[in-house]
Amino acid sequence: MNAKQILITNPYEVKYMDAEYSSPADHEVLVKMQKTTISNGTEKANYIGEEKVSIVKGDITPFPRRIGYSGAGTVIEVGKNVKKVKHCEQNHLFLKNPPK
């Protein structure tokens with residue numbers, strides 16, 4: 001599936017670019033996002049290059065950094081082990097681990 005993504009390539013460098021996404025793994029869902037949020041805390045920290053933006057305590061977050069962990073969209077594909085989310089369902093999302 002073709003999509004767009006925002007990628008922070010280095011501190012103070014942002015690219016809006018094409019991305020290719022495959023079918024989700026067994027425990028994942030693929031969501032077509034309609035709206036996303038920009039956090040003044042997290043996205044700013046990523047943009048200015050703060051080292052420890054990872055959700056894993058102590059990790060130094062490498063570049064490039066993919067942003068966008070909160071938003072709303074429609075589920076377009078569901079992995080076979082996903083039980084609580086259905087195809088075509090609309091949801092508010094909070095992603096713990098954005099795609100790499």
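## Report on a predicted chain with one helix and six strands

Among the elements of the chain, strand 2 has the highest mean pLDDT, 92, and strand 6 (residues 90-94) the lowest, 64. These values belong to a predicted model. Where pLDDT is low, the predicted coordinates should not be read in detail. Over the whole chain, the mean pLDDT is 82. A value of 70 or more is reached by 83% of the residues.

**Overall layout**

The chain has 100 residues, and 23% of them count as buried. Its secondary structure consists of one helix and six strands. Read from the N terminus, the order of elements is β-β-β-α-β-β-β. The accessible surface is about 7,500 Å². Carbon and sulfur atoms hold 53% of that surface. Consider the contacts with a separation of 6 or more: 54% of them are between residues 24 or more positions apart.

**The sheet**

Which strands form the open sheet, and in what order? Three strands build it, in the order 2-1-4, with antiparallel pairing. Strand 2 and strand 4 are the edge strands, each pairing on one side only.

Strand 1 (residues 2-10) is joined to strand 2 by eight bridges. The two run antiparallel. Leu7 faces Lys15 of strand 2 across this pairing. Strand 1 is also joined to strand 4 (residues 65-66), here by two bridges. This pair is antiparallel too. Ile8 stands opposite Arg65 of strand 4.

**The hairpin turn**

Strands 1 and 2 make a hairpin, with two residues between them. Tyr12 sits in the loop that links strand 1 and strand 2. What is unusual about a positive phi or a cis peptide bond? Most residues other than glycine have a negative phi, and most peptide bonds are trans. Tyr12 is not a glycine, yet its phi is positive, at about 65 degrees. Tyr12 counts as exposed because its relative accessibility is 53%, and the cut-off for exposed is over 50%.

**The cis peptide bond**

Phe63 and Pro64 are joined by a cis peptide bond, with omega at about 0 degrees. Pro64 lies in the loop between helix 1 and strand 4. What does Pro64 contact beyond its neighbours within four places in sequence? Its partners are Leu7, Ile8 and Thr9. Pro64 and Leu7 are 57 residues apart in sequence, but their C-alpha atoms are 6.5 Å apart in space. Pro64 is partly exposed, at 41% relative accessibility.

**The salt bridge**

How many salt bridges does the structure hold? There is one. It brings together the side chains of Asp18 and Lys4, at 2.6 Å from N to O. Asp18 belongs to strand 2 and Lys4 to strand 1, so the pair ties together parts that are 14 residues apart in sequence. Side chains of opposite charge can pair when their charged atoms come close. Asp18 is exposed, with a relative accessible area of 56%.

**The nonpolar patch**

Where is the nonpolar surface patch? Ile6, Tyr12, Val14, Tyr16, Tyr47 and Ile48 make it, and the patch covers about 600 Å². Strand 2 (13-20) and helix 1 (42-48) are the elements that give two or more residues to the patch. Tyr16, one of the patch residues, is found in strand 2. Its relative accessible area is 60%, so Tyr16 counts as exposed, the cut-off being over 50%. Tyr12 is another member of the patch, and this is the residue with the positive phi in the hairpin turn.

**Accessibility at a glance**

The table gathers the relative accessible areas of four residues discussed above.

| Residue | Relative accessible area | Class |
|---|---|---|
| Tyr16 | 60% | exposed |
| Asp18 | 56% | exposed |
| Tyr12 | 53% | exposed |
| Pro64 | 41% | partly exposed |

**Drawing it together**

Strand 1 takes part in several of these features. Strand 1 pairs with strand 2 through eight bridges and with strand 4 through two. Lys4 of strand 1 is a partner in the salt bridge with Asp18 of strand 2. Strand 2 in turn contributes to the nonpolar patch and has the highest mean pLDDT among the elements.

How values were computed: Residues numbered from 1 in each chain as written. Predicted model: local features only at pLDDT ≥ 70, side-chain atom pairs only at ≥ 80, totals over all residues. Heavy atoms only, no water. Patch = residues over 30% accessible without salt bridge, like charges linked within 9 Å, V, L, I, M, F, W, Y side chains within 5 Å. Areas by Shrake-Rupley, 256 points an atom, 1.4 Å probe, with all protein chains shown as cover. Salt bridge = Lys/Arg side-chain N within 4 Å of Asp/Glu carboxyl O. Helix = DSSP H or I, 4+ residues; strand = E, 2+ residues; numbered from the N terminus. Buried < 20%, exposed > 50% of the residue type's maximum accessible area, 1.4 Å probe, protein only. pLDDT = per-residue confidence, 0-100. Contact = heavy atoms within 4.5 Å. Pairing = 2+ DSSP bridges.
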